[in-house]
Structure formats: C-alpha cells, structure tokens
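Thank you all for coming. Before I begin, please take a moment to look at the sequence and the model on the screen.

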Amino acid sequence: MSTIAVAGLGDVAKYVVEELNALRSPPKIVLLSREIRSWFDQQPNTIFRITDYSVESLTKHLTDVDVLISLIHSNDRFYNDVHEAMIKACQNSSRCKRFIPSECGGDIEKFPQHPEFYVPTHGAIRKLLEEQNEIEYTLFNQGWFMDYFIPADRSYMKRILPIWPLDLENETLRIPGTGNEPITFTATSASTVTHRECEVADLLCSVLESITSSHSHTFEVETTLDHELVDNELIDDVECEDTAEEASDPNWNDENEDENEEKALCKRFSLDYMTKAVEFYDEINPQTGKRKRRWETVKHKFRRIPHQIYLSRFRRYLEKHGTKKQKLDKIDDYVFDMFERARQKALPVHDLDLRRWALKQAMDESLHNFAASKHWLCTFKHKHNIVSRKITKIVTKHHVEDEGTIRTSADQFVADVRRRLPQYQEHAVLNTDQSGIQLEFHSTRTLSHQGEKVTTGSVRSVNATTHSYTAQPTITLDGYLLSPLYLCLKEPTGRLSDNIRLRLFKASNVVITCSSSGKLTTSLVEYWRDHVLLPSLGKHQKFLLISDCWPGQTDGKGLYDHIPGCTRLEIPKKTTDQIQPLDVFFNRQMKVIPRRLYDRVLLDELDINMSERNNIICLMSLTHNQLSAKVFFWALYLCFYHEMNRLVLLLLVLLMKQFFVGSIMMTLNYDTNISSNNSLEITNLPGLADQIAKTYSISRNMVRIFSARFIQSLILKRRKRQSTSITNDTNIQMKTVLIIEVELIYPHSCNHVKICHDRYITGILNTIQRTSSSVAFTISLSNNITLNLVVTFQSFDRTTSTTTATSTIPTTITSTTTAITPTSTIPTTITSTTTTITTTTTSTTMTTTTITSTTTTTTTTTIIPGWALATGLRVQRAAHADLLLTDGKVLVSGGFHATDTLRSTEIYDPVNKTWKDTGITAEKRRYHTIVLLNNGNILTVGGLNSVGSYLASTELLNLISNSWSLTGTMALSRAFHTTTKLADGNVLVAGGRYSSFTNTAELYNSTTGTWTFTGNMTGLRIGHIAVLLTNGKVLIAGGLSSATTFLNTAELYDPITGTWTATATMNNARNQPSAHLLMDGKVLVVGGQNSLAAALKTAEIYDPTTGIWTMVSNMTMARYIPRGSVLKNGKVLITGATNENGTFLNTAELYDPITNTWTMKQSMSVARNLHTSTVLEDGRVIVTGGGDGVNIFSSVEIYTYGD
C-alpha cells in the first residue's frame, strides 16, 4: 500500500482526503500540519504528524512516504520558504521522490502576468523544480474551483468575495466597471424586452462564460483600512450579523470603541492571533454543516477578545491580508533580510536597491500606494543602523564563499600556536611582519563644510602618496617591541652610496637597508635575520617565529633551517588580518603617529620635507621609541594569542585613541512613559551629564555624553523578534525609550591600565548594573520643553533583557503623528468602488431588466502615456520662471501676458490638482530666474520690468508666511542671465545684459543676504546655459557676445578658487539652447539658434571627465528656445519652441542617451514657446503657460511617460 502525505489542511485538503479514501485501494494518508484539525482526525486511513515545515522536520516525516502533496497557499515569501523546504526534504528522502506543489490557479508559463503575485512565488518554485533532477514533480492548474458556483452550505470552500463576482447567498453579481457607465437596471416588469435589455443580458452571459471557461484570471485591487471608498452595504451586512449579539451583551458599550479601529486592533492583536480566532470560530461540524462552537467557547480560549463583534472585524482585516501597518512591517522585514543576504555575500548595496526591494514587496502585499519615499528610506536605515561606508577591502566571490574555510583555517592555526606556547618562554615567541609606509601620508577624513560636492586634501607631492618604504617590526609574546626596527628605504639604484651613508641620521633603534622597490627581497630578509633577529635573542636560544606568507619569507628555501632551536610557523593565507598579532593592533598605530605629524607640518605650513631620507629615519625612530613605552605594554600583550577578556581589549584600544586617557563607551537605555511618535533630541547634554554623575556618585570630569534622544521602541520589538522564544502578544506595545550614549573616562594620573580599569571603570559598571531604583533627570528638549523625568533603569547593553517601567512623568509631551504620503506611481491602479444600482429613467435610456443588485466594480486602469490637460494657471503667463518645491508642489512666478508684466506667483498642488496664489513680488518681472535656497526660501533674481528696464533687485519668498520681501541688490542689473545654486548653498549669477553685454558674475550669500563679485568669465555672454556638474563646478556654454556674434565657447567656474577656466568649444554656436544634466554626469545641449538666425536641430554632449564635446543624433525638428526635462528613467523630454521657419511648435520628442535616438511623442494641445517644464515627484512632467505668437496661455498640460 502506497503512502501519500498532504501538507496544508485547508478547504481543498478536505476534498483531496475524501477522494483518496474513495479509491478502490485507499492509500495511507499522512497529514502534515502545525496542529491537529478535528475534521481530518475523524477521517479513515489518516495519521497526523506535527511539523514546523523546516527541512529537518519534513525529512523525518517523509521516511515512509511515496508522494508529497502541498496545498499550502500564500502570496508572500512564506510560500517560497515552505516549498523550498519540501523540495529539499524530498531530495533528502530515500523514498519520497514525487512532489506536487500548490499551484491551483493560473498557469504562469502561458499567462506570466495572471495573476501577478504568482511570479515571485509560484514562478520561483517552478524554476527551482526545473533546475533540479533528483525528484519528479507534477503541476495542476485547474483555474477557478466550481464550488464557487454552488451555495456555501454545500461546499467546503469559503467565499472569496469580492474576487469571485458571483454572490449566491445575497443574489448579487459584481460587474467590472467604474460605476459611472450609462447603463440602467430596473426591477422586473411585464413589458416587452427591449433591444437594450438583450444587449445587457448577452454581456452578462459572456462575462459568466468567460469566467467559467478561463484557465487563469487577473485581479488587482487596492484595499487599505484608511480608504474612504468602501462597500457601505457590505459593511452594514457584516455589522448587522452581530447587532443582536451586541444587544444581548449587557457589558457591551459602543461608546468605548476606539475611534481609530485599525490602530486599536493593531496594537492589541497580531495577524496570526486574528487568524487563529476566526478559524477556531468558523470551524464547521461535518454532520450538521453548522459551526461547531458557540461564542462562549471561543471567548474562553481567546480571552483577550472582549466581544463577538471583534470576530467580524478580524474577518475584514484578514480579507485584506492584514492591516496597512502589518504590510509595512512585512516590507521592512523583507528589505532587511535582502540587505543582510547581500552584505553576507560582500555585495554592494545602495539606497536605490533598498527602495527597489521595498517596492517589489509592496506589490506582493498589494500596497500599491507605497512609494518607498525618502522619509521611509531614512527611517528604515536609522532603525536598522544602516549607514553608507567606504569599502576598505575588496574580495572576490570565491573569497566570500570560502570564508568559512578561511575562518576554520585561522582557528586551527591559533589552536596549534596555543598548544606550542608552553614549550617556549614568553620572550622567545615572536611575530614579525612587513608594513608598507607611504613617503607622504595624507588624512582620509577632515572637517569641512556640509553639503560640499568635493572635499579636497593637500599634499606636497601626489607621487609621494603612491610610493612607499618598508618597516619590519617584531613583537614578543610577553608584550615588548623588539629593538632595533628594520627599515628598507626605496632607492632607484637599489643601493646606498658611501656618500649617502655618511650623511644618514644614526638612530640606535633602527637598522637601515634599501632596495629599488622599497620592498624586502629574500637577501634583505636574510640580512634582517642576521643583524636584527639573532642579535636580539642571543646564541643557542630556542624560539618560535610567527610570520605570514609574503614572498621574502617563502621564496627563501631553508632560511631558518640552519638556526638551532628555531621553529617558524607560517600564518595561513587570507587570515593575517584576523589572527596576525601585528595586524591586530600595532601596524595601524605605527602609521597613526606619522600621519598626525604629516598633518601638523602641512597645517602649520612648516618648511619640512617629510619624505627626505633622514626625516624618514627620524620619524620611524621616534615612532618605534614611542610605541616601546610601558603604556603600550598591555596593547602589545593582548595582541597575541592570550585568553583575555574582550572588554579589557576594547578598553585598551579606546585608551590608545585617547592618547593615554583610559575610557569606555557605553549605552544607557531607560524605559519611559512618554507617548511620542517623533525622535526627540536632548539639547542640554551637560546638564544630563551632571545628573548621571550625581546619580551614580561619579566625578563629573569622568562623564562625557555624546547624544541623548527619545526614540520609539520599535528596536525593542526587533530584539523580541530576534529572540528564540515566542513573543507574547501582550508585550508588543509602543513605548518611548531614552537612549544615552556616554563615555566614562579615568584621569591622566593613572600609569597602569589594569589598576585604573579595576579602580574606576569596573566599579562604575557594577554600580550602574546594581542600580534598581528610579532615576530622576531634568531634561531640556530641542523644542524648548523641559521635563522632570522619572525613569527606571532598563538595560546596560544590547544583550541585557528589558524591564518594564513603572514610573510616571509629571509633564506630558503631546506629539502629533505625521502621515507619510507616498508619491503616486505610474501606472495608477483605480481602487475598488461600490455603486448601488436603483431604478432610474432618463430621456436617452429607457430599459428594464430582471437584475436588481448591489455591484462592486473592480477595475485596474493603466494610464496611457502622453499629454493630458490639467487645471490651468490663474493668470496667462509667458517668459515666467518655475521651480519644484521640497513638498512636491510647483511654484510659478512672474512673466507677462497680453497687456503687462506680472508680479503674481502661484503654487500648484499635484495631489489636489489646484493652483493657489502665494503673494506678489515688489517688482514686475519677466525673463528672470528663481532658485530654492537651503533655508527653504525662494530667491528671485533680476529680469525685465513692465517698461523693459533691467532689474538689479532680488527678492525672497517665505513659503511659511507666503510673503515676498526685498533682499540684497546686485551690483549690475541683469536679464537673460543664468542662476545656479552651488554645493555650499551660495548662488552664482553669471552674464546677462544690463546697459550692454557683460562677463561679470556675482555670488549671493543666503546667510547674510548680500551680493559680492566673483571672478569674471572669459568673455561676454547672454542667452547662454549654466549647469552644475557633479564635481561641484559650473559649466557655462553658448549664447551671444554681441547682437551678431554667436558663441560656441564654454568655460568652467570653480567655486573653491572663484575662477573661470576655458574648456573645449562646442561643435555648433548656439544662442538660447536647452541644457540638461544626464544621470551619468554628462551634459546634453540641444537646439538653439545659429549665426544665420536659424533654429538648430543638432545636439551634443559634454563629458566633464574628458572636457570634450561629442555630437549625438539630431532632433526630429529644429528648435529655438526649447524647454526640456530629464525624466526619472534617464531620458530627456524636449517640448515646444520655434522651428527654422519661425513656426511655433506643439510637438514633443524624447531622447534616449543609451540608444542615442530621438522619438517623436504625442503633441501638446497647443503650440508653446517661452513656457516652463518641470518634473514632478511622481515622474510626470508639467508644462505651464507660454505663447504661440498670437496668444498667451494659462493652460497646463501634464505628460505621463511609459517609455
């Protein structure tokens, strides 16, 4: 008799078990589940086996099984994990070699996008099965279950409304649509059936036939708990089921229900808890077909549920596959898991990858409005302590895969050394290593201005930073630095002449040699052996030498064989950075002292050449002498293979960083009762340090606080998830924790590290750990709130278990929750809406039908790429300026219309699709520029007024008060100039025209509000382009130097030096072209006007790395004064302008930098010139105003791309 295992005991499993038992020779049925299910327990030929679905558990249960059938269905990562474990278990089993995964629905091989959530789940498992050849597998894709066509009381299958459109119990049919179609349904009448009724009936029949005959289906719906468009009648029906039960319970009070139901249930019940409660309550008695349990039985088992109405609410949340918060938690867990996997493989991870993973998981969770915004990204990284780090070590994939082998090799070597140590005296166990030291050090970090693009460092010679000499120190097991130090200089000839030797500095603790490369050869290693090693040990000394496998050691055959009593152990390859004593501490510190001396020489501008021979010898002699001091004894001692406390080692490393001042870093966590959704920084750190010193009876000079802040206890929840024990739902609460990062320091007077540690640090730590009473702090927060805070000590470090706080705080912080509004994405999904169909009569439609129902329309609409009219400007505008604000809105300022130049400004809200006035400027302006400052204000610069006069005035817009005010005045009046915000926040204005053309440039300081001249351009310019490059410099190109002189020249502005330098010239002279910074850092310049007053269709790209202009494909149409935008996919959209005949254009075309091609796109509704083009946060492009030579427009169009 064969044995079949069934995993996943849901509704479908009941049919499978019944059919297997109906066979002529029923097989033995093994039921795999996390718990025993009563219905299955009553079936014949069945045996239960409890499993956690791990590979080990499944392998154990499949020893006597022939076939494994999976009926586990899930749309998330759980499906993949369980099925991967089943596949591995079948491969491990000697008997079970046929596997049937849970497929059921659509066939993704024929219909890969139906449904979409099958691709990352079922698709991945299919691929895994195809790639292996150890087991056989069978796939079943039957489409819709026919059970949905029969009443629920005659089927095991639960209803899946609204996915399945037919609701037999309520006699309703859900028809796809928006609910706004001009179709009328009326009650049945005896009138003659009209032609329209026949069309409707045929349509409904075709819908049903297509569903019954389909092999797959597509369903996409967005359902969140905070959505307003919900099925009111469906909710009423659900609530009505429990209305009588509410009335029968005298303890029920509807007024006690939380206003925000979602948040209340999320805090009180987990998704798993809701699922178990509903399944327990809904279990059907097979004999009666009714529920097996009454509410009183359910309440006895699930005591946290206060009333039966909660089960109805649980069902609604389960239909949505969890609440919004729970879906966000799943996204967080998935992204962090992907991040951990990538870093374990030493793969680079960037912000874009985190957002891509998050968006992928959001689609799997049907959270379509999730956009992985910058705020989410920052919150995620802060929560998991993820920061951007410089990659300091490059390894191959093979190295990562062999990391376990390397670690094992290192452990075996250390164990071997420790076994040998008792055979030698401590001073006879040595470690030696070569260390390359640069001729000129430079610091890799420095204090500098925030936000600057490029941080430079100065050296005397770049060549000296890439050439080095070699120092070979030797240390002993008993913690001493062997003298002398072996130093190999780099000499081109490979030798030191007699004249050079006579002039060399004589250092008693340094032995000097040289080579042409500055590195040690085998002969030089022999010299070190004979003149450094052996003299320091004496004759007939038994010793153990530990060194790595650098060529000088391994190339010399029998290098130490003739030395009596010498044993050399070679450190395994790729393990030296982990286990070589000198690499653990000494080599890095040996470079710290020279580096700081190099910095001091440069900073004080001392006339000393540190790369000169004698200075190198003096420097290394001084360093060797310094590190031979007694204060470094313990550091050298602990570098070797001693079994020492790691806390002491950490203390000593910190001691070295503090230059002989002992200290230890620690984090104090305090549980509080503050209810706040924001991270609150504490500004009065000295006062907090006073409180800590007083509380623990510590000298105030021994306490230094680096930061203190209140944060949400989400990290505590994370710790609970990391725990191996099961988390009790009652412990999952939102709390606020006070985290203090503190350093405890002991004084300079200590001469012995161990004594100072025992006397100060250990005593303080014991005091803190023994503290059990409440601690009071008076704290000043960054928002000027002062708290008299009483907290209970929670934990000393991250491994200490948490303690529930019992204290209270006298002052309450009221904090509002800031909702994260994700930006819209394209394509857009139209969410589910509900329309109640009633009897109506119109002049155009007179129909009757036999259907009266409540319909829920569920439709997915993808926005078609192209132009669409949006809400128009409040005023007609051309030659105006626009700007994308930080909140995603668009500011439009100034310009002119048919009768006058404008002072008004407007702001467009893409969410509400409305324009709003935001004050007027002091001056009327056109052909001006605007820029967003770092402080959030808007700066408008120059332009022409209503009478054509050039303006020198500038104004600031305060977005909070929506008011304009004058700021500093430029030295020259300007229009047709360029304005560029630099990396340091200052604003560069270049060129333009006042009474004549100018080559001057001015800088605006946003802090002082003043203008100052900077260096002049190399030539006069007007109508040119300006682009801030990724290296922080500004590229200026093209324009006019006179009314008839068209320019092809280009130049670069360096903000550091304030000077202009010429760069390569363009291939074409251009006046008023369009310039765009591409994603690869290059600059695309298109169109403009040449010296023949003809519009250009040519385009060229400037490469900042080479300083060369390269022609690219021509546009389809010539364009003078075009407008363009770089889309989020990297392509460039060019719109409007005038062509070579002076005709105003409404056309648009798209440039692809990858394929170097232009593609014509859908035209705008009107021709536009002197308009604006801005990329919205969701990636769409908004075009405003402009004119066609006759009319000035207020119309606005938005371009949605699908390219």
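I will start with the whole chain, and then go through two sheets, two loop residues and a pair of cysteines.

A word on the source first: this is a predicted model, in which local features need a pLDDT of at least 70 and side-chain atom pairs count only at pLDDT 80 or more, while totals for chains, interfaces and linings use all residues. Residues are numbered from 1 along each chain as its sequence is written, and side-chain values use heavy atoms, with hydrogens and water left out.

Let me begin with the overall picture. The protein has 28 helices and 52 strands, where helices (H or I, at least four residues) and strands (E, at least two) are DSSP runs numbered from the N terminus. Of the 1203 residues in the protein, 48% are buried, and here buried means under 20% relative accessible area, exposed means over 50%, and partly exposed is what lies in between, with a 1.4 Å probe and protein chains only. The accessible surface comes to about 60400 Å², and 52% of that belongs to carbon and sulfur atoms; these areas come from the Shrake-Rupley method with a 1.4 Å probe, and for residues only the protein chains shown count as cover. If we take the contacts (heavy atoms within 4.5 Å) between residues at least 6 apart in sequence, 61% of them join residues at least 24 apart.

Now to the first sheet. In what order do the 4 strands of this open sheet lie? The order is β34-β35-β36-β37, with antiparallel pairing, and two strands are said to pair if DSSP finds at least two bridges between them. The edge strands, each of which pairs on one side only, are β34 (978-981) and β37 (1010-1013). Neighbouring strands of this sheet are turned by 25° against each other on average, with direction ignored; for this, axes are lines fitted to C-alpha atoms, for helices over the stretch in contact, and angles run from 0 to 180 degrees between N-to-C directions. As general background, strands of a sheet pair through backbone hydrogen bonds, either parallel or antiparallel.

We can walk across this sheet strand by strand. Between β34 and β35 there are 4 bridges, and K981 stands opposite V987 in β35. The hairpin of these two strands has 5 residues between them, and there G985 takes a positive phi near 95°. Strand β35 (residues 987-990) is covered on both faces, since V987 and V989 on one side, and L988 and A990 on the other, are all buried. Going on, 4 bridges join β35 to β36, with A990 opposite A1001 in β36. Finally, β36 (residues 1001-1005) pairs with β37 in the antiparallel sense over 4 bridges, and the bridge partner of N1005 in β37 is T1010.

A second open sheet of 4 strands has the order β38-β39-β40-β41, with antiparallel pairing. Its edge strands, β38 (1025-1028) and β41 (1059-1063), each pair on one side only. Strand β40 (residues 1050-1054) pairs with β41 over 5 bridges, and L1052 has T1061 as its bridge partner in β41.

Next come the two loop residues. S953 lies in the loop between β31 (938-941) and β32 (954-958), and S953 is buried, with a relative accessible area of 13%. Its side chain makes a polar contact of 2.9 Å with that of R925, where a polar contact is a pair of N or O atoms within 3.5 Å; within protein, one must be able to donate a hydrogen and the other to accept it, and residues adjacent in sequence count only if both atoms are side-chain atoms. Leaving aside residues up to four places away in sequence, S953 touches several others, among them E923, T940 and L966.

N1090 sits in the loop between β43 (1083-1086) and β44 (1099-1103) and is buried as well, at 18% relative accessible area. A polar atom of the N1090 side chain lies 3.0 Å from the backbone nitrogen of L1092, and the backbone nitrogen of A1094 also lies 3.0 Å from a polar atom of that side chain.

I will end with the cysteines. Why do C90 and C96 form no disulfide? The sulfur of C90 is 3.8 Å from the closest cysteine sulfur, in C96, which is too far for a bond, because a disulfide is a pair of cysteine sulfur atoms within 2.5 Å. Both C90 and C96 are buried, at 0% relative accessibility, and the structure holds 0 disulfides.
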